[in-house]
Each structure stands twice: as C-alpha cells, then as structure tokens.
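Before we begin, please take a moment to look over the molecule shown here. We will then talk through how a few of its features can be read.

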Amino acid sequence: MTHETASNQRAGGTRVLLAAALAALQVSACAPLVVGGAMVGGTMVVIDRRTTGTQLEDQTIESKASSRIKDLLGDRAHVNVTSYNRTVLLTGEAPTDADRTAIEQAVQRVENVRSTVNELAVMLPSSMSTRSNDSYLTGKVKATYIDAKDLQANAFKVVTERSSVYLMGRVTEREATRATDLARTVSGVQKVVRVFEIVTEAELAEAAAKNDAAAKK
C-alpha cells in the first residue's frame with residue numbers, strides 16, 4: 001500500500017464536472033442494480049473490486065468503529081471512518097493528541113481491521129460549510145474520473161477532508177498515478193493523499209475472474 005501527499009494544480013470546468021457527477025448518481029427507480037454483472041436481490045450495488053464478503057466486512061467495520069468513537073468522545077470529535085479491504089482511514093478532527101491516539105487504538109480493536117491510516121488533525125471540529133465544500137470536491141473528483149474514460153471510476157473510493165483528497169482502492173500503479181494526477185487538477189483541492197493497495201495487472205484479472213464466478217453462483 002502506498003501513502004503519499006501531492007500538491008494540487010488548478011483547473012476549470014466546475015459546472016461540467018458537477019453535471020457529470022449528478023448524472024452518475026442518478027438511477028432509474030425501476031432499474032435493478034448490478035454487482036459484477038449480476039443482480040443481487042433486485043437491488044443495485046456498484047461494481048466493486050472487493051468480494052461481496054469483504055464489502056460487507058468493510059461496512060460492519062465502519063459501523064462498529066464509528067460507534068466506538070462515539071462512545072469514547074461523543075460530540076467532542078468529528079471523525080470519518082472509511083474502510084476499504086479492511087484498511088481503515090481515519091479523517092477529521094480530534095481535540096487532543098491523546099484523543100487522536102485513543103481513537104486509532106479503539107478502531108484497531110474492531111474485528112477484521114487489518115490496518116489503520118490515522119489522518120486525524122488535532123483541532124476543533126470543522127464547520128458545516130467546510131464539510132459541505134468537502135462533499136462538493138468529492139463529487140468533482142469522482143466526475144473527473146468518469147470523464148477520463150481510461151479509469152474504472154467505481155474502483156476508487158474518494159474521501160475529502162478540509163480540501164484534502166484521500167484516494168483508496170485496489171488499483172494498478174498506472175491507475176494510481178492517473179487517478180492522483182487527475183485529482184490534482186480539480187480546482188479547490190489542496191492536496192492528494194494516496195491510500196491505495198497496489199496490485200499487478202495479473203492480480204487484478206484474477207480477482208475479477210473470481211468475482212465474476214461468485215456472482216454467477
């Protein structure tokens with residue numbers, strides 16, 4: 001896994017990107033969703049490079065970790081928990097260094113957590129306007145990936161915190177570099193942090209074959 005920071009470069013096209021983001025999120029009310037080309041209970045699930053079991057594990061990890069953090073600090077901290085393939089990214093704000101450490105330790109004790117990346121800042125919780133801007137930037141980055149055509153946009157999980165963009169996913173080095181470079185071009189993004197699990201083209205093909213086989217059962 002790589003974890004590095006890159007500086008942002010300015011670029012235009014905000015309205016076009018937002019339109020693309022909205023279009024990507026719109027789904028017909030009567031259209032079933034698909035996982036790896038197969039319907040799951042008549043519900044649409046975005047194509048994902050993780051197994052269905054791992055996706056469920058990640059959801060459970062996020063839920064349990066968030067609950068433990070709430071019990072630990074209540075509303076004194078603002079923490080976003082993002083789990084991808086059992087690697088947990090912690091972003092947001094903690095009141096003190098001791099709280100920052102305690103949060104990570106609590107998350108590490110959650111069942112099935114493989115590793116943690118602690119990006120919590122020691123400061124007061126961010127404002128609602130800051131969080132709204134972060135959501136806006138996340139949408140712009142996702143739309144940029146959809147626009148790019150040479151990336152599988154759903155292979156990336158994008159998290160934005162105080163204008164810093166964190167990228168997660170099981171991707172090849174080429175995909176990681178391309179996604180990072182594109183995120184840098186989005187206006188308003190201050191830095192890009194890679195939290196990728198790098199795989200080879202062969203490993204990616206093998207995982208895709210296994211997911212397809214599992215979806216057909």
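**Reading contacts, exposure, packing and space**

A: Let us start in this predicted model with S163, which, when its neighbours within four places in sequence are left aside, is in contact with N133, D134, L137, G188, V189, Q190 and K191.

Q: Where is S163 placed, and is S163 buried or exposed?
A: The place of S163 is in the loop that runs between β7 (157-161) and β8. Because a residue under 20% relative accessible area is taken as buried, S163, with a relative accessible area of 10%, counts as buried.

Q: How should I read P95, and which residues is P95 in contact with, leaving aside its neighbours within four places in sequence?
A: P95 lies in the loop between β5 (87-94) and α3, and, with those sequence neighbours left aside, P95 is in contact with L73, R76, A77, V122 and M123. At 27% relative accessibility P95 counts as partly exposed, since that class lies between the buried limit of 20% and the exposed limit of 50%. P95 and L124 are 29 residues apart in sequence, yet their C-alpha atoms are 6.1 Å apart in space.

Q: How do helix α2 and helix α3 cross, and what is the hand of that crossing?
A: The axes of helix α2 (residues 52-73) and helix α3 (residues 97-108) come within 9 Å and cross at roughly 145°, and the crossing in which α2 passes α3 is right-handed. On the α2 side the contact is made by A65, R68, I69, L72 and L73, and on the α3 side by D99, A102, I103, A106 and V107. Sorted by character, the residues of this contact divide into eight nonpolar, no polar and two charged.

Q: How can one look for empty space in a structure, and how many cavities of 30 Å³ or more does a search of the whole structure find?
A: The general idea is that rolling a probe the size of a water molecule over the atoms shows where empty space is left. In this case, a search of the whole structure finds one cavity of 30 Å³ or more, and about 40 Å³ of space lies in the largest cavity.

Q: Which residues lie nearest the centre of the largest cavity, and which strand supplies the largest share of its lining?
A: Ten residues line the largest cavity, and Y84, T87, V195, F196 and E197 lie nearest its centre. β8 (164-171) and β9 (191-198) each supply at least two residues of the lining, and the largest share, three residues, comes from β9. The lining of the largest cavity divides into five nonpolar, three polar and two charged residues.

Note on methods:
Residues numbered from 1 in each chain as written. Predicted model: local features only at pLDDT ≥ 70, side-chain atom pairs only at ≥ 80, totals over all residues. Heavy atoms only, no water. Axes fitted to C-alpha atoms, helices over the stretch in contact; angles between N-to-C directions. Helix = DSSP H or I, 4+ residues; strand = E, 2+ residues; numbered from the N terminus. Left-handed = near helix turned anticlockwise from the far one by under 90°. Contact = heavy atoms within 4.5 Å. Nonpolar A, V, L, I, M, F, W, Y, C, P; charged D, E, K, R; others polar. 1 Å grid on protein atoms, 1.4 Å probe; cavity = no way out; pocket = protein on both sides within 12 Å on 5 of 7 lines; lining within 4 Å. Points joined across faces, edges and corners; volume = space filled by probe spheres on them. Buried < 20%, exposed > 50% of the residue type's maximum accessible area, 1.4 Å probe, protein only.
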